[in-house]
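This briefing introduces a structure to a reader who has not met it before. Please look at the sequence and the model below, then read the notes grouped by topic.

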Amino acid sequence: CNSGSLSLPLYSSFEDHVSSIASGSSNNDPDGTMTIINAAAQVTQDQFKLLGIRTLGVDYGLARTGVAVSVGYNPEPIDIIEETNATVLAHRVVQLALSQQVQRVILGL
């Protein structure tokens with residue numbers, strides 16, 4: 001395998017971000033440290049869209065429904081709802097979404 005021919009989009013994206021940030025940088029960053037940090041942060045945001053997004057995951061079931069909250073990619077279970085009435089269940093999920101201040105709700109069936 002010739003590793004010299006391997007091109008990872010992350011690296012080209014990072015280089016692009018460094019170049020674009022450096023072109024607009026001021027004299028406040030003489031060694032370029034903040035330019036590199038800002039470029040790395042931008043690449044991270046571009047590559048990992050769910051980082052920092054508070055999400056409520058709902059695993060719907062006929063007998064019980066599991067609910068978890070996640071910031072990014074680390075879900076933490078918060079409740080198991082043992083409710084078969086769909087209206088009552090939906091209200092409980094909405095209450096949890098509001099109390100957890102989530103930005104997204106993902107429903108698994």
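Strands, as named here, are DSSP runs of E with at least two residues, numbered from the N terminus. By that numbering, Y60 sits in the loop between β1 and β2. The model is predicted, and the points below describe its sheet, a helix that lies across the sheet, and two residues in their settings.

**The sheet as a whole**

- An open sheet is formed by 4 strands, in the order β3-β2-β1-β4, and its pairing is mixed.
- Strands β3 (75-81) and β4 are the edge strands, as each of them pairs on one side only.
- From one strand to the next, the twist averages 20°.

**Pairing of β1 with β2**

- Strand β1 covers residues 54-59 and strand β2 covers residues 65-71; the two pair in the antiparallel sense over 6 bridges.
- Together β1 and β2 make a hairpin, with 5 residues between them.
- One of the pairings places R54 with V71, its bridge partner in β2.

**Pairing of β1 with β4**

- Strand β4, residues 104-108, runs parallel to β1 and is joined to β1 by 5 bridges.
- Opposite L56 stands V105 in β4.
- Likewise, G57 has I106 of β4 opposite.

**The helix across the sheet**

- Helix α3, made of residues 86-99, lies across β1, β2, β3 and β4.
- The direction of α3 is at about 145° to that of β3.

**Y60 and the surface patch**

- Is Y60, in the loop between β1 and β2, buried, exposed or partly exposed?
- Y60 counts as partly exposed because its relative accessibility is 35%, and the partly exposed class lies between under 20% for buried and over 50% for exposed.
- Y60 also belongs to a nonpolar patch on the surface, formed with L62, L107 and L109.
- The accessible area of these four residues together is about 520 Å².

**T65 and its contacts**

- T65 is located in strand β2.
- With a relative accessible area of 0%, T65 is buried, because buried means under 20%.
- Which residues does T65 touch, not counting those up to four places away in sequence?
- T65 touches V58, D59, Y60, D79, I80, I81 and L89.
- Y60 therefore appears in two settings, as a partly exposed residue and as one of the residues that T65 touches.

How values were computed
Residues are numbered from 1 along each chain as its sequence is written. This is a predicted model: local features need pLDDT of at least 70, side-chain atom pairs count only at pLDDT 80 or more; totals for chains, interfaces and linings use all residues. Side-chain values use heavy atoms; hydrogens and water are left out. Two strands pair if DSSP finds at least two bridges between them. Patches are made of residues with over 30% relative accessible area and no salt bridge: like charges are joined within 9 Å, nonpolar side chains (Val, Leu, Ile, Met, Phe, Trp, Tyr) within 5 Å. Accessible areas come from the Shrake-Rupley method with a 1.4 Å probe; for residues, only the protein chains shown count as cover. A salt bridge is a side-chain nitrogen of Lys or Arg within 4 Å of a carboxyl oxygen of Asp or Glu. Buried means under 20% relative accessible area, exposed over 50%, partly exposed in between (1.4 Å probe, protein chains only). Axes are lines fitted to C-alpha atoms, for helices over the stretch in contact, and angles run from 0 to 180 degrees between N-to-C directions. Contact means heavy atoms within 4.5 Å.
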